[in-house]
Amino acid sequence: MKLSRLLPLLLALAVVSCTAEKEEFFEDDENIHVSGGYKLKKRTFWDDYDTNMDSYTTFAYDKNGRVKEIVYVHESKDIYKDVISWGDNMVYYEWMRYEEDQMYTFEKDKVIRKETKDYTMRFEYDPSNRLYKYYLSTKSHDSEVTYYWDNGKLSKVTRHDDAGTHQHDYTYRISYEGDECNGYFPWFFPSDDYIFCPLIQANPELVGIKQTYIPSKVELKGYSSYSGLLYDRSYYIECQKDKNGCVDFMLIKEKETHDYGNTYTFEWGK
């Protein structure tokens with residue numbers, strides 16, 4: 001089973017909605033800045049117990065280091081090319097694989113709001129401009145997700161889901177063994193599509209979750225107000241680095257002794 005299924009579960013302008021016609025969106029190529037260094041160029045995924053490639057995603061960037069083209073290719077040969085438009089403190093992102101239009105609103109180079117037709121998210125940051133909290137509102141539930149940092153390392157994430165008649169609470173505890181990488185560690189917590197969409201995979205600094213430390217273990221516990229304990233699992237992370245010190249291989253497995261699990265490879269460039 002894919003890890004994303006195990007790890008449970010955006011102020012557009014007042015006059016512009018996420019379904020706004022493209023010609024209503026005015027692009028500004030210089031307004032939103034991102035950090036330099038190595039950029040993720042390709043991400044390939046193999047599922048548990050499967051030696052065949054499941055999918056890969058490629059990323060291309062503009063002269064300012066901001067992602068301008070994302071192409072997703074599935075093993076079935078389905079191909080999707082996303083559309084990214086960088087505007088005046090806004091980004092209009094068309095995630096073609098899921099036919100989802102997203103509008104991001106920025107303040108001081110950080111996303112403060114994300115909006116789609118199905119949900120909205122609000123973002124808050126700590127004094128170091130790292131993600132502190134985001135609030136998610138959907139038709140079925142509201143969520144509050146809090147990020148805890150320790151000397152540049154993401155050490156814990158908590159999530160509270162409120163569906164009115166019931167609540168779910170999750171805690172991710174992240175451990176490290178001291179290893180760092182160039183570029184950034186290309187995985188985020190939680191790994192659901194709200195935070196882990198391809199735009200943020202390519203430019204994680206936009207929401208303050210870019211880090212160079214490589215986790216070795218993630219412990220997940222989840223509770224339901226109905227049934228009590230939902231999850232009590234550990235995930236072990238093995239990484240290798242390329243000649244430039246960037247992560248080029250990552251294995252996520254459910255038992256430390258396993259030599260299989262969800263496998264990712266990465267290609268980087270400047």
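The charged end of lysine 153 sits over the ring of tyrosine 213, at 4.2 Å from the ring centre. A similar arrangement brings the charged end of lysine 156 over the ring of tyrosine 148, with 4.5 Å to the centre of that ring. These contacts come from a predicted model, and a word on confidence is useful before going further. The mean pLDDT of the protein is 88, and 87% of the residues reach at least 70. Confidence is highest in strand β7, residues 110–115, with a mean of 98, and lowest in helix α1, residues 3–6, with a mean of 39. Readers may wish to note residues 1–23, where pLDDT stays under 50. For this stretch the model has 65 contacts beyond four places in sequence.

Aromatic rings offer a good way into the structure, which holds 13 aromatic pairs. One of them is formed by tyrosine 119 and tyrosine 194, whose ring centres are 4.9 Å apart and whose planes make an angle of 85°, an edge-to-face arrangement. This pair links distant parts of the chain, as its two members are 75 residues apart. Tyrosine 119 belongs to strand β8 (residues 119–125), whereas tyrosine 194 lies in the loop between β12 (167–180) and α2 (198–202). Both tyrosine 119 and tyrosine 194 are buried. Another pair is made by phenylalanine 188 and phenylalanine 196: the planes of their rings are at 65° and the centres 5.5 Å apart, so this pair is edge-to-face. Phenylalanine 188 is buried, as is phenylalanine 196. These two phenylalanines also belong to one aromatic cluster, together with Phe45, Trp187, Tyr264 and Phe266.

Attention now turns to the strands around β14, which spans residues 228–241. On one side of the pairing scheme, β14 is matched with strand β13 (residues 213–224) in the antiparallel sense, over eight bridges. The connection between β13 and β14 is a hairpin through three residues. Tyrosine 213, the ring under the charged end of lysine 153, falls within the residue range of β13. β14 also pairs with strand β15 (residues 247–253), again antiparallel, through six bridges. Here too the strands form a hairpin, this time with five residues between them. Glycine 245, in the turn from β14 to β15, has a positive phi of about 85°.

Individual residues help to place these pairings. Arginine 233 is in β14 and stands opposite leucine 220. With a relative accessibility of 28%, arginine 233 counts as partly exposed, because the buried class ends at 20% and the exposed class begins over 50%. Its C-alpha atom is separated by 9.3 Å from that of lysine 255, which is 22 residues away along the chain. Tyrosine 236 has its bridge partner in β15, namely lysine 253.

The cysteines complete the description. How many disulfides does the structure hold? The number is zero. For cysteine 246, the closest cysteine sulfur is that of cysteine 181, at 6.9 Å, which is too far for a bond because a disulfide requires sulfur atoms within 2.5 Å. Cysteine 246 has a relative accessible area of 0% and is therefore buried. Cysteine 197 likewise counts as buried, with a relative accessibility of 0%.

Technical notes
Residues numbered from 1 in each chain as written. Predicted model: local features only at pLDDT ≥ 70, side-chain atom pairs only at ≥ 80, totals over all residues. Heavy atoms only, no water. pLDDT = per-residue confidence, 0-100. Helix = DSSP H or I, 4+ residues; strand = E, 2+ residues; numbered from the N terminus. Contact = heavy atoms within 4.5 Å. Phe/Tyr/Trp six-rings, centres within 6.5 Å; stacked < 30°, edge-to-face > 60°. Buried < 20%, exposed > 50% of the residue type's maximum accessible area, 1.4 Å probe, protein only. Lys NZ or Arg CZ within 6 Å of the ring centre and 35° of its normal. Pairing = 2+ DSSP bridges.
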